[in-house]
Every structure is written in structure tokens, then in C-alpha cells.
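I opened a fresh page for this one and wanted to get my bearings. My notes follow in the order I looked things up.

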Amino acid sequence: MLKKYVPVFLITFIVISLLLFIFPINLFDGEIIYQSGIQERVIKAPLSLSYFIGLGYDESDMVGVKSFYLLPVGYLMAFLFLFAIPALVSYRVQLGKSKKQQNGNS
């Protein structure tokens, strides 16, 4: 029974991951640390997961940026998009298949 919705989970996970890691979609709450001389400024900004693998920004955009990271809400959103949504989709597919089997047996 578990085997029926594992492929659905994996396909949905891969599709969503590709979209979030390839395209610069700024959905996730994070902070950017700018450094100019000895002064640092922390600015809250929406970030994309593609920034963490080096895609979606120009080198000129990174001038003065010391680092950037996700906030806990950003990590939660990333978890929900990458794992919870594929799990819900695969669960829904499994429910639909089991309902069809029940209707066919009745």
C-alpha cells in the first residue's frame, strides 16, 4: 500500500524542488547582511532557494553582501513546499485510488 504513492511523492517533490531551486522565486523570509567597511546592516528580505546554490542573481547584486540566510519562518515554508505539499498530493492520490477500489468491490 505504501508503494503506490511513493512515486507520486517523489515526482511532486522533484518538480517543486526544480522550480524553487532553478527559478529565482523570492518566497522565503530571510535576512541579508550587508557590510561596508566595518559597519554591518541586517535587512529582512524575501529570499529564493536558488540563491543558496548560486543561481538567480548577478555578481553585481552581491556587492557588499557578507551573507544571507533564512529565518525560522523561511525554513518552515521551505519544508512545507518541499515535503508537506508532495506528501498531501500523494496522500490525496492514494485516497482516490482506495475509493475507486472500494466502489469497484461494492
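**Entry 1: the sheet.** I remind myself that this is a predicted model. I began with strand β1, residues 28-36, and found that β1 pairs with β3 in the antiparallel sense over 5 bridges. Within the β3 pairing, I looked up Tyr34 and saw that Val65 stands opposite. Next I checked β1 against β2: these two also run antiparallel, joined by 9 bridges. There I noted Gln35, whose bridge partner in β2 is Glu40.

Putting the strands together, I get an open sheet of 3 strands in the order β2-β1-β3, with antiparallel pairing. β2 (39-47) and β3 (65-70) are the edge strands, each pairing on one side only. I also looked up the twist: neighbouring strands are turned by 20° against each other on average, direction ignored.

**Entry 2: the hairpin.** I went to the place where β1 turns into β2. The hairpin has 2 residues between the strands, and Gly37 takes a positive phi near 70° there.

**Entry 3: the core.** Which residues make up the largest nonpolar core? I counted 12 residues in all: Ile16, Leu20, Phe28, Ile32, Ala45, Leu47, Leu49, Tyr51, Val65, Leu70, Ala78 and Leu82. At least two of these come from each of α1 (2-22), β1, β2, β3 and α2 (72-105). I then followed Ile16 and found that, leaving out residues up to four places away in sequence, Ile16 touches Phe81, Leu82, Ile85 and Pro86.

**Entry 4: two serines.** Is Ser17 in helix α1 buried or exposed? Ser17 has 12% relative accessibility, so I put it down as buried. A polar atom of the Ser17 side chain lies 2.7 Å from the backbone oxygen of Phe13.

My other serine, Ser50, sits in the loop between β2 and β3. Ser50 counts as buried because its relative accessibility is 0%. Beyond the residues up to four places away in sequence, Ser50 touches Leu20, Phe21, Ile22, Phe23, Pro24, Leu55 and Gly56.

**Entry 5: a glycine in the loop.** I found Gly64 in the loop between β2 and β3. Gly64 is partly exposed, at a relative accessible area of 31%. Setting aside neighbours within four places in sequence, Gly64 is in contact with Ile33, Tyr34 and Gln35. I also compared Gly64 with Glu40: they are 24 residues apart in sequence, and 9.5 Å apart in space, C-alpha to C-alpha.

**Entry 6: aromatic rings.** How many aromatic pairs does the structure hold? I got 7. Phe52 and Phe68 form one that is tilted, at 5.2 Å centre to centre and 55° between the planes. This pair links distant parts of the chain, 16 residues apart: Phe52 is in the loop between β2 and β3, and Phe68 is in strand β3. I noted Phe52 as partly exposed, with a relative accessible area of 38%.

I looked at Phe79 and Phe83 next: the ring centres are 5.5 Å apart and the planes are at 35°, so this pair is tilted. Phe79 and Phe83 are separated by about one helical turn because they are 4 residues apart in helix α2. I have Phe79 as partly exposed at 46% relative accessible area, and Phe83 as partly exposed at 38%. My last lookup was the cluster around them: Phe9, Phe13, Phe79 and Phe83 form one aromatic cluster.

Technical notes:
Residues numbered from 1 in each chain as written. Predicted model: local features only at pLDDT ≥ 70, side-chain atom pairs only at ≥ 80, totals over all residues. Heavy atoms only, no water. Pairing = 2+ DSSP bridges. Axes fitted to C-alpha atoms, helices over the stretch in contact; angles between N-to-C directions. Core = buried A, V, L, I, M, F, W, Y, C linked by side-chain atoms within 4.5 Å. Buried < 20%, exposed > 50% of the residue type's maximum accessible area, 1.4 Å probe, protein only. Contact = heavy atoms within 4.5 Å. Polar contact = N/O pair within 3.5 Å; in protein donor to acceptor, adjacent residues only side chain to side chain. Phe/Tyr/Trp six-rings, centres within 6.5 Å; stacked < 30°, edge-to-face > 60°.
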